[in-house]
Amino acid sequence: MIYADNAATTKMSDAAIEIMIKHMKENYGNPSSLYEFGQQAKEILEAARRDVAGIINAKPEEIYFTSGGSEADNQAILSAAELGKKQGKKHIISSAFEHHAVLHTLEKLKKQGFDITLLDVHEDGLIRPEEVAAAIREDTCLVTIMYANNEIGTIQPIKEIGAICREKKVIFHTDAVQAIGHVPVNVQEENIDMLSSSGHKFHGPKGTGFLYVKKGIALANLIEGGSQERGKRAGTENVPGIAAMAEALKEICDNMVENTAHIQAVRDKIISGLAEIPHSVLNGDAVKRLPGNINFCFEGIEGESLLLLLDDKGIQASSGSACTSGSLDPSHVLLAIGRVHDVAHGSLRLSLGEDITETDANYIIKSVKEVVEHLRSFSPVWRDLTTGKAKHLI
Ligand SMILES: *Cc1c(COP(=O)(O)O)cnc(C)c1O
C-alpha cells in the first residue's frame, strides 16, 4: 500500500506514540492540581509549549493549545472579529480557496453583519500581496490568508502580506496547518499575528493543535469553564496528546532539510511522469508549492472513479471533489483558480510522506496512466472530445 494522502492526515511517528503512551501511563495527573503529581503534568505541558513556541520563533505565552486546526481557525477569526466590532470595524479580507474551517466561520460572521471580501486566487494558485493591500479599508479588522493550500499545495507570499497588514495595523491570521513541519515558519520574520496549526498533519495525534497569538491581541473564548490556557480555552488539557504533538513537531523540523530534498525530488519525478498524460494539467505553481503536493486535472474522467481504481491498485490518494449530500460538487479550490466544472471534476491529489520511494513513484506514474486511459476508454465525455463534438479545455 502506498499512502499518498498526507494532506488529509498523517501516520503518527513512533517517537510521538512512545511519548504519548508514556504520559498516559505515568503522568495522568491534572495540570491544574497543586500536588506534585499534578505539577509534573503541568511541567510536561509547559515544556511542550516552549518547544512549539521555539520552532515558530514565538514566546511560550503566545501559544494556546487547541483540539486542532479547525478550532484554532475559529478562535482566531472570531477573536479578531470581536475586537473589530468593538472599534466599529466589521470588514474582513480572506481568499476564495481557504479551508472550510475559515470559510464557514466567515459565513457565520457575514450573517452577523460583517462584510467579507474573498480575494480571487490567480491561476497559479497564488494570492497577490498588492491585491491584499488594495482591499484593505479603514474598517478592516482582519486579513486571514492560508499559508499553504491543502489541495493544490501552493505557498502564499505570507511575509509580504504580513508586512502590508503590519503597516496598515490590521490583524493578520494565517491557517498554517499544511505548512507547519513542512516548510520553515517564523512568525516574527513573517509578520504573523495569529497562526493555526494541527498535530495530525505532521505525524502528531489527531485532536491536537495550537493557536499562536501575538502578545497584546486579546483572544475570545470559544469554550467557557476553567482557567486552562490562561483562561482562553477551558477544559482539562490533553497532556499526552500535546506532548506527543510537540515531539512529532520537533522530529519533523529537525529533519526538514533532508525530508524536503527527498520528497521534493520524488514529487517532481511524479509530476513529470503525469504531465505526459495528454490533456492533463498540473494545478498550482510548480515551484511555490509544498514539497509533497501533486495535484492534476485529467480531462474526460471523474476524480471519484480514478480514486477508487487507484485504491484497487493499493494507492491511497484524494480528489478535490467531495460528495456532499448526494450532489457531486467540484472543489472550491479548483474553481477558485479558474478550472471549469468539467475539468475540476477530473482531479487527483497525491500528498507524499517522508517514506515515499522512487519505486513508489514509478508505480504511481504507471498506475495513474493506466487508470486514466482505462476510464477514458468508456467515457462519453472523452468520446465527444476525441471525435471533435466537444472542444478540449486543457
Ligand atoms: C486539516 C486542515 C485543517 C483542519 O485541521 P483539523 O486539525 O483537522 O481540525 C484546517 N486547515 C487546513 C489548511 C487543513 O489542511
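Select Gln178 and the ligand together: in this predicted model, an N or O atom in the side chain of Gln178 lies 2.6 Å from an oxygen atom of the ligand. Taken on its own, the ligand has 380 Å² of accessible area, and the protein covers 86% of it.

Add Asp175 to the selection next. Its side chain places an N or O atom 2.6 Å from a nitrogen atom of the ligand. Then display the backbone of Gly69, where a polar atom is 2.8 Å from an oxygen atom of the ligand.

Now extend the selection to the full shell around the ligand, which holds 13 residues. Those that come nearest are Ser70, Asp175, Gln178, Ser198 and Lys201. Colouring the shell by residue class gives two nonpolar, eight polar and three charged residues. Which helix gives the most to this shell? Select residues 69-86 to see helix H3, which contributes three residues.

Leave the ligand and turn to the internal space of the protein. A search of the whole structure for cavities of 30 Å³ or more returns one. The space in the largest cavity amounts to about 230 Å³. To centre the view there, select Asn6, His182, Leu290, Gly292 and Leu352, the residues that lie nearest the centre of the largest cavity. They belong to a lining of 21 residues.

Colour that lining by class as well: for the largest cavity, twelve residues are polar, seven are nonpolar and two are charged. Which helix should be highlighted as giving the most to the lining of the largest cavity? Helix H8, spanning residues 256-275, supplies four residues.

Finally, clear the selections and show the whole chain as a cartoon. The chain contains 13 helices and 14 strands. With the view aligned to the principal axes, the C-alpha trace spans about 75 × 50 × 40 Å. How does the radius of gyration of the chain relate to that of a compact globule with 394 residues? The chain has a value of 22 Å, which agrees with the value near 21 Å that a compact globule of 394 residues would have.

To close the tour, show two elements together on the cartoon: helix H3, which gives the most to the shell around the ligand, and helix H8, which gives the most to the lining of the largest cavity.

Key
Residues are numbered from 1 along each chain as its sequence is written. This is a predicted model: local features need pLDDT of at least 70, side-chain atom pairs count only at pLDDT 80 or more; totals for chains, interfaces and linings use all residues. Side-chain values use heavy atoms; hydrogens and water are left out. On a 1 Å grid over the protein atoms alone, a cavity is a set of points where a 1.4 Å probe fits but cannot get out, and a pocket is an open set with protein on both sides within 12 Å along at least five of seven lines; lining residues have an atom within 4 Å of a point. Grid points are joined across faces, edges and corners, and a volume is the space filled by probe spheres set on the points. Ala, Val, Leu, Ile, Met, Phe, Trp, Tyr, Cys and Pro count as nonpolar, Asp, Glu, Lys and Arg as charged, and the others, Gly among them, as polar. A residue is near a molecule or strand if one of its heavy atoms lies within 4 Å of it. A polar contact is a pair of N or O atoms within 3.5 Å; within protein, one must be able to donate a hydrogen and the other to accept it, and residues adjacent in sequence count only if both atoms are side-chain atoms. Accessible areas come from the Shrake-Rupley method with a 1.4 Å probe; for residues, only the protein chains shown count as cover. The radius of gyration is taken over C-alpha atoms; the globule rule is 2.2 Å times the number of residues to the power 0.38.
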